[in-house]
Amino acid sequence: MIRLIEENDPKAFHLLQSLYPHFGKAFIIGITGSPGVGKSTIINKLIREFRKSDFSVAVIAVDPTSPYSGGAILGDRLRMQDHATDEKVFIRSMASRGRAGGVSRAAKDAVIVLDAMGYDIIIIETVGAGQSEFEVSNIAHSTGIVSIPGTCDGIQAVKAGILETGDIFIVNKSDKDGADVTMHQLTMIIDLANGNNWKPCVLKTIAHDGTGIEELAAVFLSHWKFMEKNNLLEAKKREHKINYFTSLLKDLTLEKLLLFMENSSEYREVLNKVLSQEIDPIHAAEQVVKEIISPFVYEEQTHEKKPNGLHELRVKK
Amino acid sequence: MENKIRGKKIRVLIAKPGLDGHDKGAKIVALALRDAGMEVIYSGLHQTLEQIIHTATQEAVDIIGLSIMSGAHLPICEKLIVMMEKAGLSDINLVVGGVIPFQDIPGLKEMGVSAVFPGGTSFEEIVHGMKDLFKK
């Protein structure tokens, strides 16, 4: 099933249609952070903790697709072997397939499937992320950001982006030098952030021997309870649904529109001007948008008919 | 799992069953397959056959590639093929590489192993061998 989704198979969308009403029970955790900080290892240990409380757990682990060959090596599973034969643990590796943001669209749909299948907790592991890989917080109810000692000085900490999206910060490999400094820095920005909702917390872990993981699991669960109690979970789910829908809409519209544009003579004319450097790309883009798209938008808003050859052609279609 | 290739990605599970000590070969083969545009799930050393079956099911792979250098390829493959049938995975192709004496290859194929790539096989031959499995 997930396989079909990954391949954009039309069959998958029929199945998705029937599963969608059952979606929305699971608690979804996102784990992100730079490559090599220990995301997979932490998840491996987290699964064990959640299993102790008898939650069923599904993991979607995303690894990068090669931009050159389109192939991928999916190695996250390698670190999650403790549960290789547990029936209530489902681990699925996915390749990012060129999607920026660390999460493939297929991963979003896979979450719907796994949720509808009745898994209590779904963990999404992003590709090793950079500073702006926060898309996972558009799916997850609770986002954990993993860092390691020595990576976070004062200015990194106040930069916008990934750090703003974290609910729980994890300083892994905390037996290494500098853990306390990193802890301190992270705690400081969290304290600065206004905390009318959930106050993010910082935890130290040493994933390979399991130190701190029990606490981490407990914090995720208490975040879950906290959100449920304060009606935040419903709000977040609503927001995610809207985001997902609008982003699909955007993709689809853009795809159709670009296709349409590429077939128009205006587009080709302007493109030629850009190529010959008669007009700069910014103005060119504006011109194309003005000529091709604005008639619709304009009409929608004002109900005013503008005579326009291209517009007419489009309407006939 | 009813896909054949049609521009879709081939998903391969690379696993080393049993007690082999190192996985350099398996890793290098994984890289070569990646470069050929496949998605490789790398599960590493010391896999039990149960783990391999479980992983192949969850990951919905097209090919299971075993790297075996312990000399136990005949009993391992025999057992795995029975387990694959039981788990409903008979449509997955099983391929084997590693230290495999040439005289064992016919026996492996008779069991149902789709392809054998003994030591000395070039990457090209492996990649083509795997892609050929989907041309029928």
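## Exercises on a predicted two-chain model

Among the elements of chain A, strand S5 (residues 121-125) has the highest mean pLDDT, 91, whereas helix H11 (residues 309-316) has the lowest, 44. The model is predicted, and the exercises below begin with the confidence of chain A.

**Exercise 1.** Find the mean pLDDT of chain A, and decide over which residues of chain A pLDDT stays under 50.

*Solution.* Begin with the chain as a whole: the mean pLDDT of chain A is 77, and 79% of its residues reach 70 or more. Next, look for the stretch under 50, which covers residues 301-317 of chain A and for which the model has 18 contacts beyond four places in sequence. Finally, consider how to read such a stretch: where pLDDT is low, the predicted coordinates should not be read in detail.

**Exercise 2.** Decide whether Ile190(A) is buried or exposed, and name the residues that Ile190(A) touches beyond four places in sequence.

*Solution.* First locate the residue: Ile190(A) belongs to helix H6, residues 179-192 of chain A. Its relative accessible area is 7%, and since buried means under 20%, Ile190(A) counts as buried. Then list the partners, which, leaving out residues up to four places away in sequence, are Phe169(A), Lys199(A), Pro200(A), Cys201(A) and Val202(A). For one of these partners, Cys201(A), the separation from Ile190(A) is 11 residues in sequence and 7.5 Å in space, taken from C-alpha to C-alpha.

**Exercise 3.** Work out whether Lys108(A) is buried or exposed, and which residues are in contact with Lys108(A) beyond its neighbours within four places in sequence.

*Solution.* Lys108(A) is part of helix H4, which spans residues 105-116 of chain A. With a relative accessible area of 12%, Lys108(A) is buried, because the cut-off for that word is under 20%. Once the neighbours within four places in sequence are set aside, the residues in contact with Lys108(A) are Glu135(A), Ile139(A), Tyr244(A) and Ser247(A).

**Exercise 4.** For Gln277(A) and Ala60(B), state the sign of phi, the place of each residue in its chain, and whether each is buried or exposed.

*Solution.* Take Gln277(A) to begin with: its phi is near 65 degrees, a positive value in a residue other than glycine. Gln277(A) sits in the loop between helix H9 (265-275) and helix H10 (281-302) of chain A, and a relative accessible area of 69% makes it exposed. Turn now to Ala60(B), whose phi is also positive, at about 50 degrees, although this residue is not a glycine. Ala60(B) lies in the loop that joins helix H2 (49-59) to strand S3 (63-68) of chain B, and with a relative accessible area of 8% Ala60(B) is buried.

**Exercise 5.** Describe the interface of chain B and chain A: how many residues take part, which salt bridge is found, and which element of chain B gives the most residues?

*Solution.* Count the residues first, for the contact takes 27 residues from chain B and 28 residues from chain A. The two chains bury about 2,300 Å² between them, of which 48% is on carbon and sulfur atoms. Across this interface there is 1 salt bridge, in which the side chains of Glu59(B) and Arg92(A) meet at 3.9 Å, N to O. There are also 7 residue pairs in polar contact, with both residues at pLDDT 80 or more. On the side of chain B that touches chain A, helix H1 (24-35), strand S2 (39-47) and helix H2 each supply at least two residues, and S2(B) gives the most, with 7 residues. As a last step, sort the residues of that side by kind, which gives 8 nonpolar, 9 polar and 10 charged.

Key
Residues numbered from 1 in each chain as written. Chains lettered and ligands numbered in written order. Heavy atoms only, no water. Helix = DSSP H or I, 4+ residues; strand = E, 2+ residues; numbered from the N terminus. Buried < 20%, exposed > 50% of the residue type's maximum accessible area, 1.4 Å probe, protein only. Contact = heavy atoms within 4.5 Å. pLDDT = per-residue confidence, 0-100. Buried area = accessible area lost by both parts, 1.4 Å probe. Salt bridge = Lys/Arg side-chain N within 4 Å of Asp/Glu carboxyl O. Polar contact = N/O pair within 3.5 Å; in protein donor to acceptor, adjacent residues only side chain to side chain. Nonpolar A, V, L, I, M, F, W, Y, C, P; charged D, E, K, R; others polar.
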